[in-house]
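Me: Hey, got a minute to walk through a structure with me? I'd like to go piece by piece.

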Amino acid sequence: IMIISNIHHLRGRIKRVTILSIRGSLQRRQMRLRSADHHLLRMLLIEVLLLVIFCLPQALHKFYITFKPINSNNNRLVALNHFLYNFDVLLAFMVNGMPFYLYTLAGKTIFRRVLLELLRMFRRKIKLQ
């Protein structure tokens, strides 16, 4: 009878230790996921902020063009408006490449490793030609 009670007692201890180890591994996994979520949220907020910064000048310039006088005889003003418009369009086009640079610079290792492998592959192909 003592053997049976000891076996039941040991099974209870094993269950408690197993449950505690499962809880500990779940907590570690949740902490890693929480950390990854914070990192991705920070990258997303930076991306949205840069999107606003790069696209806002074009919107403001289009608003200005809409309400400016049509007849402007000043060549310098016309040249300045063309320059600013081209600069605004350039900023708007930079937004399309921004996620690549953001993920490469802010990503931990995955994006950097893939970029370095891609550069090595290009270097090998250039050496072979």
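**A buried acidic residue**

Reply: Let's start with Asp-88, which is buried because its relative accessible area is 6%, and buried means under 20%. Keep in mind that this is a predicted model.

Me: Okay, and where does Asp-88 sit?

Reply: Asp-88 is part of helix α2.

Me: What does Asp-88 touch, if I skip residues up to four places away in sequence?

Reply: With those skipped, Asp-88 touches Pro-57, Gln-58 and His-61. There's also a distance for Asp-88 and Leu-60: they are 28 residues apart along the chain, and their C-alpha atoms are separated by 9.4 Å.

Me: Let me zoom out. How many helices and strands does the protein chain have?

Reply: The count is three helices and zero strands. Going along the sequence, the pattern reads α-α-α.

Me: Where do the helices start and stop?

Reply: α1 covers 2–67 and α2 covers 75–106. Helix α3 takes in residues 110–128.

Me: And how much of the chain is buried?

Reply: Of the 129 residues in the protein chain, 13% are buried.

Me: What about the area the chain exposes?

Reply: That's about 11600 Å², with 69% of it supplied by carbon and sulfur atoms.

Me: Back to contacts. Of those between residues at least 6 apart in sequence, what share joins residues at least 24 apart?

Reply: In this chain the share is 70%. Phe-54 gives you some cases to look at: leaving aside neighbours within four places in sequence, Phe-54 is in contact with Leu-91, Ala-92, Met-94, Val-95 and Met-98.

Me: Is Phe-54 buried or exposed?

Reply: Buried, because Phe-54 has a relative accessible area of 18% and the cut-off for buried is under 20%. Phe-54 is in helix α1. Phe-54 and Val-95 are 41 residues apart in sequence, but 6.6 Å apart in space, C-alpha to C-alpha.

Me: Nice. Which residues does Leu-51 contact, again leaving aside neighbours within four places in sequence?

Reply: Leu-51 is in contact with Val-95 and Met-98 on that basis. Leu-51 is in helix α1 as well, and Asn-96 lies 45 residues from Leu-51 in sequence and 9.2 Å away in space, C-alpha to C-alpha.

Me: Why isn't Leu-51 called buried?

Reply: Leu-51 has a relative accessible area of 37%, so Leu-51 is partly exposed. Partly exposed is the range between under 20% for buried and over 50% for exposed.

Me: What does Glu-47 touch, not counting residues up to four places away in sequence?

Reply: Glu-47 touches Met-98, Pro-99, Leu-102 and Tyr-103. Glu-47 is in helix α1, and a relative accessible area of 17% makes Glu-47 buried.

Me: Now Asn-81. Which helix is that one in?

Reply: Asn-81 is in helix α2. Asn-81 is buried, with a relative accessible area of 11%. Apart from neighbours within four places in sequence, the contacts of Asn-81 are His-61, Tyr-64 and Lys-68.

Me: Switching to the surface. Which residues make the nonpolar patch?

Reply: Tyr-64, Ile-65, Leu-77, Leu-80, Phe-83, Leu-84, Tyr-85, Phe-87, Leu-90 and Met-94 make it, and the patch is about 880 Å².

Me: Which helix supplies the largest share of the nonpolar patch?

Reply: That's α2, with eight residues. Both α1 and α2 supply at least two residues each.

Me: Can you pick one patch member to look at?

Reply: Try Leu-90, one of the residues in the nonpolar patch. Leu-90 is in helix α2 and counts as partly exposed, with a relative accessible area of 48%. That fits the patch, because patch residues need over 30% relative accessible area.

Me: What about charge? Which residues gather in the patch of positive charge?

Reply: Arg-120, Arg-123, Arg-124 and Lys-127 gather there, on the surface. Arg-120 is in helix α3.

Me: And why does Arg-120 count as partly exposed?

Reply: Because the relative accessibility of Arg-120 is 44%, which falls between the buried and exposed cut-offs of under 20% and over 50%.

Technical notes:
Residues are numbered from 1 along each chain as its sequence is written. This is a predicted model: local features need pLDDT of at least 70, side-chain atom pairs count only at pLDDT 80 or more; totals for chains, interfaces and linings use all residues. Side-chain values use heavy atoms; hydrogens and water are left out. Patches are made of residues with over 30% relative accessible area and no salt bridge: like charges are joined within 9 Å, nonpolar side chains (Val, Leu, Ile, Met, Phe, Trp, Tyr) within 5 Å. Accessible areas come from the Shrake-Rupley method with a 1.4 Å probe; for residues, only the protein chains shown count as cover. A salt bridge is a side-chain nitrogen of Lys or Arg within 4 Å of a carboxyl oxygen of Asp or Glu. Lys and Arg count as positive and Asp and Glu as negative; His and the chain ends are not counted. The place of a charge is taken as NZ of Lys, CZ of Arg, CG of Asp or CD of Glu. Helices (H or I, at least four residues) and strands (E, at least two) are DSSP runs, numbered from the N terminus. Buried means under 20% relative accessible area, exposed over 50%, partly exposed in between (1.4 Å probe, protein chains only). Contact means heavy atoms within 4.5 Å.
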